Amino acid sequence: MFKIIKYSLYFVLALIASFCGFIGYMTYSDYTPAQKESIISDNRIADTLQIGKPLKMLTWNIGYAGLDSAMDFFYDGGHKVRPTESQVLKNMHFIGDYLSCQSDSTDFMLIEEIDKKSKRSYYRNQIDTFIGKMEGYKAYFAKNYSVKWVPIPITDPMGSVESGVALLTNRSPISVTRYAFPFNFDWPLSVFMLDRCFLCNRYPTSDGKQLVLIVTHNSAFDSDGHLRKAELNYFKKFLLREYAEGNYVIAGGDYNQCPAKFDPCPFGKLFNRNDFHTIPDSLFPSSWHFVYDGHTPSNREVIAPYHPNSTKVTVIDFFITSPNVKTIGVKTDNLEFSNSDHNPVRATFVLEGN
């Protein structure tokens, strides 16, 4: 009996030591980006954007080509971790073809949850794959998820992740900068979660100002919304400051919140105000604009495979624009979430001049 107790104690101590060692290593190797990181600076051959000329844009959270209509996801209350490799490749093929078809008529593609080297997408570099289908396009990328090993679920860990947001375009910017949202979950959870950021791309305009074009992917999984609120307040100050300096501002992406004044009634019995946080009407001055398609959902719940008659849907993918930017049109392409848990949102803007 004494030997059983002794060896049981050794086993428990070994487990504790292994766990502490793992947490220690993950903390030591944690991705800790600077608050501001320059990706491109002072590009002297940047493309000048003409005032009054339409600019066509697209924002799409592609769900790393792993959250197609047949998937549920354990983080959202489902059971699955990833689809098969063949399904990921099928999703990537569809997403790449869609983007390629849009490239002739689209100036800027704002992409979220795009993987460079992740176990969940079988270590495929999705940026290279998609850019390879679009002649003349380049990608500007900022990491927001870089973890050596995500250990959950224990029976089938998500594993290593390198992912982020990107701007795909055939226009050359003056500069590209990654700005970190200076908020996160408490340690040790923060070690395994995303390091949220936004990618700021600057383009000269024909009136001597700049278009500040931003790709963002804001926090999720904070049940009380405290991270989302902090990020939005930080974001608002950044956007208002740029506009105060005379620039044009367009910020698109996955906000993980419904836009201000969003009415979920078109979706009937599906998502409602209690399911998703909604950006307060008072966050931005009334002259600013939330640009979205209120008749077509951009996001679905991933607790179960998609079913058009029962799956909850909502709008969390949209653009925020400054008063000197006019919206010509906006439309969400209803792809029935066939290859991502988000639908792409296309919009056309005109810089009106100051």
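**A walk around the predicted fold**

Start with the whole protein chain shown as a surface: about 15,800 Å² is exposed, and carbon and sulfur atoms supply 56% of that area. Keep in mind as you go that this is a predicted model.

Now colour by burial. Of the 354 residues in the protein chain, 53% are buried. Switch to cartoon and you should find 5 helices and 15 strands. How much of the contact map comes from residues 24 or more positions apart? Among contacts in the protein chain with a separation of 6 or more, such pairs account for 74%.

Next, select the open sheet of 7 strands. Reading across, the order is β1-β6-β7-β8-β9-β13-β10, and the pairing is mixed. Which strands stand at the edges? Pick 36-40 for β1 and 289-291 for β10: each has a single partner strand, so one side of each is left without a neighbour in the sheet. Turn the view to follow the twist, which averages 20° from one strand to the next.

Zoom in on the β10 edge. Its pairing with β13 (residues 317-321) is antiparallel and runs over 3 bridges. To see one of the residue pairs, select Val291 and Phe319: Phe319, in β13, is the bridge partner of Val291.

Last stop: select residues 226-244, helix α5. What does helix α5 lie across? Add β6 (175-180), β7 (197-204), β8 (210-217), β9 (248-254) and β13 to the selection, and you have the strands that α5 lies across. Look along β7 here, as the helix runs at about 10° to that strand.

Conventions
Residues are numbered from 1 along each chain as its sequence is written. This is a predicted model: local features need pLDDT of at least 70, side-chain atom pairs count only at pLDDT 80 or more; totals for chains, interfaces and linings use all residues. Side-chain values use heavy atoms; hydrogens and water are left out. Helices (H or I, at least four residues) and strands (E, at least two) are DSSP runs, numbered from the N terminus. Buried means under 20% relative accessible area, exposed over 50%, partly exposed in between (1.4 Å probe, protein chains only). Contact means heavy atoms within 4.5 Å. Accessible areas come from the Shrake-Rupley method with a 1.4 Å probe; for residues, only the protein chains shown count as cover. Two strands pair if DSSP finds at least two bridges between them. Axes are lines fitted to C-alpha atoms, for helices over the stretch in contact, and angles run from 0 to 180 degrees between N-to-C directions.
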